[in-house]
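Colleague: Could you take a close look at the inside of this model for me? I would like to hear about any enclosed space, and then about how a pair of helices packs.

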Amino acid sequence: MSIAIHLSELSRTYRSYRKPEGLWGSLRGFFHRDYRTINALSSTNLDIAAGSVVGLVGANGAGKTTLLKLLSGLIVPSTGSCTVLGFQPWQRDHRFLRRISILLGQKNQLWWDIAPLDSYAMLATIYDIPQQRARERVRALADILNCSPMLEIQLRRLSLGERMKMEIIGALLHEPDVLFLDEPTIGLDVVAQDSIREFLASYVSTHRPTIILTSHYMDDISHLADRLLLMSSGAIVYDGTVDGFTAQSLPIQKVICTLESPLMAPLEFTDIPAIPEGERLLTFATSPDRVPFILQRVMEAATVQEIRTEEVDFEEVIRRFLERERRS
């Protein structure tokens, strides 16, 4: 098994200025600055095999984007070392840059005021791709993504989902060996999410690139990734499979109750959020042993019309895991 990405004691810290409130605080800070050190990424050791798809999840500020920026060479580490395809990313060797691509879901790579086709022509020149070959690749990717009519429209006139498809084509134009995807489906509707998810799954099975994918939509991770990295406070707290993570997490059961009439008074619980007055559809997720007690409280407060159970979202399992990590 060849290793595409290797991290050894890699870390990144920032210094952040703490400014007091008001004009006097600004003047005082001009002469006596108060800094705090932010540990964006703790000392990390990690190996990622070539051709694997790694899902990187965690709360906002957990260090996911920092890790991707380090691996792509956008920022320099504070300590430690890292190699991607045998190169040190922050040296920005052109041979390295030709073999990677990074897609930031909240930033545009393509030019805003021109059509995607013109942006692709410039990217082809940057990557030394013959224009004919670049056009053929663009058409092939656009056909799979079902977005060919949008190629000649200014980027700023496209919807968010259409723009993301254009960005994906741009990121894959030079056929990278390593692909960093940071929230590729953020803000998209369900149809657009499914379309991009299906395209990425097909692309992975055909071309076998090494991918690190961050997402707040757990469907992206569970459908695409064969390895899960869970980050919390700049450190990797879980490294394994999605199924393995679910199996080792505390069991959770989701119960939905429909009442004949709205609640006359709020219901308070110790382990789940309170249910406010006036609610008729009650949904709660808790450990299986707590379900009988909660149902008893609900039936004492109102007449229950229907009770059903559903599989708990993977996102809920991760949220509870991170809460447990913060308390420990």
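Modeller: Happy to! Counting cavities of 30 Å³ or more gives one in this predicted model. The largest cavity holds about 40 Å³ of space. Its lining is made up of Val-53, Leu-181, Leu-200, Val-204, Ile-211, Leu-213 and Leu-224. Sorted by character, these lining residues come out as seven nonpolar, with no polar and no charged ones. Two elements each give at least two residues to that lining: helix H7, spanning 190–207, and strand S7, spanning 210–214.

Now to the helix pair. Two packed helices are described by the angle between their axes and by the distance between those axes. For helix H4 (residues 116–126) and helix H6 (residues 160–172), the axes come within 10 Å and cross at roughly 15 degrees. Angles under 35 degrees count as roughly parallel, so H4 is roughly parallel to H6. The crossing in which H4 passes H6 is right-handed.

As for the side of each helix that takes part, H4 brings Pro-116, Tyr-120 and Leu-123 to the contact, where they meet Met-166, Ile-169 and Gly-170 of H6. The residues of this contact divide into five nonpolar and one polar, with no charged residue. Gly counts as polar in this scheme, so Gly-170, which is in the H6 part of the contact, is the polar one.

To bring the two places together: the lining of the largest cavity has no charged residue, and the contact of H4 with H6 has no charged residue either.

Notes:
Residues are numbered from 1 along each chain as its sequence is written. This is a predicted model: local features need pLDDT of at least 70, side-chain atom pairs count only at pLDDT 80 or more; totals for chains, interfaces and linings use all residues. Side-chain values use heavy atoms; hydrogens and water are left out. Axes are lines fitted to C-alpha atoms, for helices over the stretch in contact, and angles run from 0 to 180 degrees between N-to-C directions. Helices (H or I, at least four residues) and strands (E, at least two) are DSSP runs, numbered from the N terminus. Angles under 35 degrees count as roughly parallel, over 145 as roughly antiparallel, 65 to 115 as roughly perpendicular and the rest as oblique. A crossing is left-handed if the near helix is turned anticlockwise from the far one by less than a right angle, and right-handed if clockwise. Contact means heavy atoms within 4.5 Å. On a 1 Å grid over the protein atoms alone, a cavity is a set of points where a 1.4 Å probe fits but cannot get out, and a pocket is an open set with protein on both sides within 12 Å along at least five of seven lines; lining residues have an atom within 4 Å of a point. Grid points are joined across faces, edges and corners, and a volume is the space filled by probe spheres set on the points.
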